[in-house]
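This report describes one protein chain, beginning with a pair of packed helices and then turning to the chain as a whole and to selected residues.

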Amino acid sequence: MDQDVKQTVAIVGAGLVGCLQACYLAERGYAVNIYEKRSDTRKKENQQLTRISINLALSTRGIEALKEVGLAETVLQRAIPMRARMIHELDGACWSYAYGTKGQHINSVERARLNQLLLAGRKFLYLSSGF
């Protein structure tokens with residue numbers, strides 16, 4: 001195979017995992033086609049559809065993956081640190097449980113924005129298949 005010709009890779013699903021995988025492959029020189037049931041959320045007319053998702057808890061492992069595709073700093077600028085989770089007992093009692101030791105936390109990030117950042121500036125062919 002000619003080394004100047006890029007292979008094309010198909011990814012089914014434009015969720016966070018599919019988009020991150022597309023970023024990895026694109027950085028390695030592959031042409032990437034993303035197939036997704038939903039409409040392209042990068043388009044303004046489809047952005048209201050992304051408002052229904054809850055935030056994502058982003059830990060060290062996720063941050064490391066974002067560093068590899070050059071997005072960690074951008075994502076963490078708008079992240080909200082979460083130092084503990086709140087436990088609600090059936091009797092109404094509440095208590096918190098720390099995510100780590102003193103000073104450690106995980107980050108709450110907007111899932112739709114993270115998905116859009118993974119797609120932004122990349123030359124992916126986004127195919128909405130409606131399957």
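## Packing of α1 and α4

Helix α1 crosses α4 in a left-handed sense. By class, the residues in this contact comprise seven nonpolar, one polar and one charged. The coordinates come from a predicted model.

Two packed helices are described by the angle between their axes and the distance between those axes. For α1, spanning residues 16-27, and α4, spanning residues 111-119, the angle is about 25 degrees and the axes lie 9 Å apart. The two helices are therefore roughly parallel, since angles under 35 degrees fall in that category. On the α1 side, the contact is made by L16, C19, L20 and C23, which meet R111, L114, N115, L118 and L119 of α4.

## Overall organisation of the chain

The protein chain contains four helices and eight strands. Read from the N terminus, these elements follow the order β-α-β-β-α-α-β-β-β-β-α-β.

The chain has 131 residues, of which 31% count as buried. Its accessible surface amounts to about 9000 Å², and carbon and sulfur atoms account for 53% of that area. When contacts between residues at least 6 apart in sequence are considered, 64% of them join residues at least 24 apart.

## N115 and G18

N115 belongs to helix α4 and is one of the residues through which that helix meets α1. Its relative accessibility is 8%, so N115 counts as buried. With residues up to four places away in sequence set aside, N115 touches A14, G15, L16, C19 and R38. Of these partners, L16 and C19 are also listed among the α1 residues that meet α4.

G18 is placed in helix α1. Although N115 and G18 are 97 residues apart along the chain, their C-alpha atoms are separated by 9.6 Å. G18 counts as buried because its relative accessibility is 12%, which is under the 20% limit. Once neighbours within four places in sequence are left out, G18 is in contact with I11 and G13. A further C-alpha separation of 9.6 Å links G18 to E36, 18 residues apart along the chain.

## A79 in the α3–β4 loop

A79 occupies the loop that runs between α3 (72-77) and β4 (80-82). This loop residue has a relative accessibility of 16% and therefore counts as buried.

Excluding residues up to four places away in sequence, the contacts of A79 are with N107, S108 and V109. The C-alpha atoms of A79 and L56 are separated by 9.8 Å, and these two residues are 23 residues apart along the chain.

## I87 in strand β5

I87 is a residue of strand β5, which covers residues 84-88. Is I87 buried or partly exposed? At 24% relative accessibility, I87 counts as partly exposed, because the buried class is reserved for values under 20%.

The contacts of I87, apart from residues up to four places away in sequence, are with A93, C94, W95 and Y97. For Y97, ten residues apart from I87 along the chain, the C-alpha separation from I87 is 7.2 Å.

Key:
Residues are numbered from 1 along each chain as its sequence is written. This is a predicted model: local features need pLDDT of at least 70, side-chain atom pairs count only at pLDDT 80 or more; totals for chains, interfaces and linings use all residues. Side-chain values use heavy atoms; hydrogens and water are left out. Axes are lines fitted to C-alpha atoms, for helices over the stretch in contact, and angles run from 0 to 180 degrees between N-to-C directions. Angles under 35 degrees count as roughly parallel, over 145 as roughly antiparallel, 65 to 115 as roughly perpendicular and the rest as oblique. A crossing is left-handed if the near helix is turned anticlockwise from the far one by less than a right angle, and right-handed if clockwise. Contact means heavy atoms within 4.5 Å. Ala, Val, Leu, Ile, Met, Phe, Trp, Tyr, Cys and Pro count as nonpolar, Asp, Glu, Lys and Arg as charged, and the others, Gly among them, as polar. Buried means under 20% relative accessible area, exposed over 50%, partly exposed in between (1.4 Å probe, protein chains only). Accessible areas come from the Shrake-Rupley method with a 1.4 Å probe; for residues, only the protein chains shown count as cover.
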